[in-house]
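Let's walk through this structure together, moving from single residues to strands, sheets and cores. Keep the 3D view open as you read.

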Amino acid sequence: MSYWEEPGVAVTCRFEVAEAGEYCLTLRYACTWPDTRRRISIDDEVVPGLEDVLLPGTGSWADFSAMTVAGPDGGRARIPLGAGVHTLTLTNVDSRGLAWDQALLHGPEDLPADAPLSEEELQELAEALPQDAGRVLLEGERAAALVHGAVRVALPGNMPLAVTVGDVFFVLPRPLTYESGLLEWTSDRIGPLHVLRAPYVDETMRVSFVVITNGHSCVSVVAAQSSEGLEGQADHLPGPLVAWRDGRPWRLAPGPLADKLQSGESTRALRINGVVASVDDYLSASVEEEPIPHLQLHWQPLRTGDVSVATAKVGPSVAPGDVSVATRVDGDEVVIRSSAHVPPALAAFYGMPQFEVRVQADASMTVTTEAGETLEVTAP
């Protein structure tokens, strides 16, 4: 339904509900204006709290996006519906146009699009996470063990678990685990970089954990020296859970509206000997503000000799940046560059510090900045 510019003009459609219950409403639309407003009614009765719903602009009439409608408590509106036939009416309450493509009524457990969170829902989400990760979600840098530029990293249980990049919160639902012992982290500054590092040794392997941030993104490197290899290689681990927009928390959806229906359960795990990273689902998201942060975590496991290496990068992507690391085997070493596709000159123009990590055969590492400064991470 396009144009639809005059106040009071309404569009009504009929739908049938198979099972009574509470439903949320997600709208897919396009709008070149900064925003437009609609009143939402069910069976000719205005839904409480939806008398004047603001629909943010999508950029152009060709750019369609989906938004789950918020209720009076700031979270998703919950609409009680009985089984049977109902009507949905959207009424223009101002003079801006709208291109409305689709309405989806779905259960509160579904996330077909980014969904607003009430304060109670945000608190429940934080309480479901490990303690320090939940505090980072709610409190930001006050709970972070490392703050560098726009990047904040929390280390609950001495393992990097929660990261915020700008206004986007990222967490591993199940962090890296190890057989026994605690990690003793040391912190170093090298040029524009902040480096956290910790060794781990047991009877079968030696492992180096390194977290490097340039203030724009965060790269994790795990190198294990052992005769065993990589098991259950993972293409993706999770992206962000929550982003703040205009001061409000939004739960980020697993994918666009068109990908709503998924079948089966998805569990991915990466094992480097006794070190395991696993997750039940894969999430990625983009946030509308410019420059556009895009948060993803890609594991790229490599093997040379007795050394297994996994690397991961947490965004954001600043155009024309990227959220991938460049990895390759070079003789007995694994070489990791902080960006896969951004040449140094372009990175310098956009103020994106570059660095290189070389992992040696004993799981030691050398971190080098673009200015040639080096930091030696000794073997565990």
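A residue counts as buried when its relative accessible area is under 20%, and as exposed when that value is over 50%. Keep in mind, too, that what you are looking at is a predicted model.

With that cut-off in hand, let's begin with Ala363. Where does it sit? Look in the loop between β31 (355-359) and β32 (365-369), where Ala363 is found. Its relative accessibility is 0%, so Ala363 is buried. The backbone deserves a glance as well: Ala363 has a positive phi of about 75 degrees, although it is not a glycine.

Now compare another loop, the one between β3 and β4, which contains Asp44. Here again phi is positive in a residue other than glycine, with a value near 70 degrees for Asp44. Is Asp44 buried or exposed? Its relative accessible area is 66%, so Asp44 is exposed. The hairpin formed by β3 and β4 has 2 residues between the strands, and within it Asp43 also takes a positive phi, near 55 degrees.

From that hairpin you can follow β3 outwards to its partners. Strand β3 covers residues 35-42 and is joined to β4 (residues 45-46) by 2 bridges, with the two strands running antiparallel. In this pairing, Ser41 stands opposite Val46. Strand β5 (residues 53-56) is also antiparallel to β3 and is linked to it by 4 bridges. There, Arg38 faces Val53 as its opposite number in β5. Strand β8 (residues 84-92) pairs with β3 too, in the antiparallel sense, over 5 bridges. To find this pairing on screen, select Ile42, whose bridge partner in β8 is Leu88.

A general point is handy as you look at strands like these: in a regular strand the side chains alternate between the two faces of the sheet.

Several of these strands also contribute to a nonpolar core. Which residues touch the most other members of the largest nonpolar core? They are Leu27, Ile40, Leu50, Leu88 and Trp100, in a core of 25 residues. At least two residues of this core come from each of β1 (10-17), β2 (21-30), β3, β5, β7 (79-81) and β8. The largest share, 4 residues, is supplied by β2. Leu50 is a good residue to zoom in on: leaving aside neighbours within four places in sequence, its contacts are Arg38, Arg39, Ile40, Val69, Ala70, Ala77 and Ile79. Apart from this core lies another, of 22 residues, among them Ile212, Val307, Val334 and Phe355. More broadly, nonpolar side chains in soluble globular proteins tend to be buried together.

Next, turn to an open sheet of 6 strands, whose order is β16-β17-β18-β19-β28-β27 and whose pairing is antiparallel. Which strands form its edges? They are β16 (186-190) and β27 (302-304), each of which pairs on one side only. From one strand to the next, the twist averages 20 degrees. Within the sheet, β19 (residues 218-225) and β28 (residues 307-314) run antiparallel and are joined by 8 bridges. One of the residues to pick out here is Val222, whose bridge partner in β28 is Ala310.

The loop between β18 (206-213) and β19 holds Asn214. With a relative accessibility of 9%, Asn214 is buried. Setting aside neighbours within four places in sequence, Asn214 is in contact with His148, Pro192, Leu193, Pro353 and Phe355. Phe355 is also one of the members of the 22-residue core.

For a change from strands, find helix α1 (residues 119-128), whose buried residues are Glu121, Leu122, Leu125 and Ala126. Seen down the axis of α1, these buried residues fall within an arc of 135 degrees, so they line one face of the helix. On the other side of α1 you will find Glu119, Glu120, Glu127 and Ala128, which are exposed.

Finally, a word on cysteines. How many disulfides does the structure hold? The count is 0. Cys24 is buried, at 0% relative accessibility, and Cys31 is buried too, with a relative accessible area of 0%.

Note on methods. Residues are numbered from 1 along each chain as its sequence is written. This is a predicted model: local features need pLDDT of at least 70, side-chain atom pairs count only at pLDDT 80 or more; totals for chains, interfaces and linings use all residues. Side-chain values use heavy atoms; hydrogens and water are left out. Two strands pair if DSSP finds at least two bridges between them. Axes are lines fitted to C-alpha atoms, for helices over the stretch in contact, and angles run from 0 to 180 degrees between N-to-C directions. A disulfide is a pair of cysteine sulfur atoms within 2.5 Å. Buried means under 20% relative accessible area, exposed over 50%, partly exposed in between (1.4 Å probe, protein chains only). The arc is that of the directions from the helix axis to the C-beta atoms. Contact means heavy atoms within 4.5 Å. A nonpolar core is a set of buried Ala, Val, Leu, Ile, Met, Phe, Trp, Tyr and Cys residues joined through side-chain atoms within 4.5 Å.
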